[in-house]
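Got your viewer open? Let's walk through a few stops together, selecting as we go.

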Amino acid sequence: MEFRFTPSQETFRDDVRHFLGAELPKLPDRDDGESGGHSRPFSKLLADRGWIGLAWPKEFGGQELGHIERTIFTEEMVTHAAPTGYHFIAERQMGPSLIRQGTEEQKREFLPKIVNADVSFCIGMSEPGAGSDLANVQTRAVRDGDDYVVNGQKIWTSSAHLADWVWLVCRTDPDAPKHRGISILLVDLKSPGITIRPLINMAGRHGFNEVFYDNVRVPRTNLVGEENRGWYVTAENLDYERSGIERIAGTGGLFRSLVEHVRERGGSDPVRHALADRAIEYEVGRTLAYRVAWLLSQKRIPNHEASMSKAYGSEWTQRVARTGMSVLAADGLMRTAAERTLRAKIEQTYMTTVSATIAGGTSEIQRNIIATRGLGLPRG
């Protein structure tokens with residue numbers, strides 16, 4: 001079977017590539033390791049073209065262009081390392097969740113700001129004792145009049161130092177069973193009582209943070225969905241996170257550079273065989289991601305399908321990095337000031353992708369979801 005895009009979809013991809021070819025050379029160095037690709041001015045350029053919220057309903061500021069088109073757009077943006085970090089999480093997760101679960105007031109307040117690149121979000125889920133066991137969150141939100149008062153700590157919060165708001169998973173009923181006492185709050189990161197501390201990863205980059213909440217007051221109107229039913233909102237939100245093509249596409253450009261390196265300088269048969277394996281795996285991972293986009297286009301929320309794409313894509317990025325290190329041998333262990341060299345990119349990818357099979361839910365969790373919800377196997 002051969003999969004093809006429609007002529008209009010191919011035209012759209014060409015438009016995106018033409019835009020990137022014209023705009024990316026105008027930007028300063030995008031590989032600074034600190035901003036994580038955050039550039040509100042660049043996101044504003046995309047907003048001006050209607051490219052944020054491509055698949056959203058028009059009533060919420062979207063284009064209703066389709067989930068295949070959104071995946072094409074994301075693939076090109078990530079492949080070319082465009083700095084979409086300012087709006088990306090909000091557009092990918094917060095917007096769709098608010099469309100389905102938010103109040104009318106929340107939709108009016110946040111959805112236009114997301115599509116216009118006027119607000120950015122980070123995700124406050126993991127805690128020191130609640131990562132893979134996310135239902136064990138202990139950050140408390142206690143009602144006090146028209147507010148919740150939040151106390152606790154989050155960890156591994158990506159881009160908290162750059163975001164405007166946090167999508168906060170917290171416990172509102174400490175006496176309920178773990179999965180039933182959780183709620184979601186929209187929290188302004190400029191609120192008094194919030195302290196953000198950097199966590200530098202093994203590659204020497206600041207992407208993660210630990211965030212402390214000390215008597216932070218949050219209006220009750222910022223509750224998303226029902227109180228104490230936030231686990232179900234969170235599960236759906238994670239499906240949006242795990243569904244994308246960004247893992248495959250994000251390492252795809254590096255992989256192509258690696259192939260060109262071997263073509264120019266030659267390589268042993270084992271190296272060429274390994275690259276052939278990675279090339280086949282790339283096409284499989286890309287197909288899995290577009291399958292998720294197709295399901296969304298059929299108005300179905302992917303669950304185990306999203307986990308398949310996420311687990312496969314995360315592990316593929318690690319295999320590419322290991323293959324790259326084996327190709328470069330000792331050179332791959334050397335840091336260089338020239339961050340755009342292939343050697344530097346391989347070295348950075350090798351270290352940053354260590355967390356790929358942890359962030360967003362470990363591969364073990366994804367396989368459990370695939371087994372129980374996809375294959376119908378009993379829970380162990």
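Which helices do the buried residues of α3 pack against? They pack against α1 (7-23), α2 (40-48), α4, α7 (246-265) and α8 (269-297). Here, buried means under 20% relative accessible area, with a 1.4 Å probe and protein chains only, and helices are DSSP runs of H or I, at least four residues, numbered from the N terminus.

A quick note before moving on: this is a predicted model, where local features need pLDDT of at least 70 and side-chain atom pairs count only at pLDDT 80 or more, while totals for chains, interfaces and linings use all residues. Residues are numbered from 1 along each chain as its sequence is written, and side-chain values use heavy atoms, leaving out hydrogens and water.

**Stop one: α3**

Select residues 67-79 to see helix α3. Its 13 residues reach 18 Å from first C-alpha to last, close to the 18 Å expected at 1.5 Å a residue (that is, 1.5 Å times one less than the number of residues). Because 11 of the 13 residues are buried, α3 is largely enclosed by the rest of the structure. Among the buried ones are I68, R70, F73 and M77. Just after α3, click A81: its phi is positive, near 55°.

**Stop two: α4 and α5**

Now pick residues 85-101 (α4) and 104-115 (α5). They pack at an angle of about 155°, with their axes 10 Å apart; axes are lines fitted to C-alpha atoms over the stretch in contact, and angles run from 0 to 180 degrees between N-to-C directions. The two helices are therefore roughly antiparallel, a label for angles over 145 degrees. To see the contact (heavy atoms within 4.5 Å), show A90, E91, M94, G95, L98 and I99 of α4 with Q106, K107, F110, L111 and I114 of α5.

**Stop three: α7 and α10**

Add α10, residues 342-352, to α7. This pair packs at about 135°, with axes 11 Å apart, and that makes α7 oblique to α10 (oblique covers whatever is not under 35, over 145 or from 65 to 115 degrees). Show L254, S257, L258 and H261 of α7, which meet L342, K345, I346 and T349 of α10.

**Last stop: T157**

Finally, find T157 in the loop between β3 (147-154) and β4 (165-171); strands are DSSP runs of E, at least two residues. Is T157 buried or exposed? At 2% relative accessibility, T157 counts as buried. Leaving aside neighbours within four places in sequence, its contacts are C122, I123, G207, F208, N209 and V211.

Notes:
Buried < 20%, exposed > 50% of the residue type's maximum accessible area, 1.4 Å probe, protein only.
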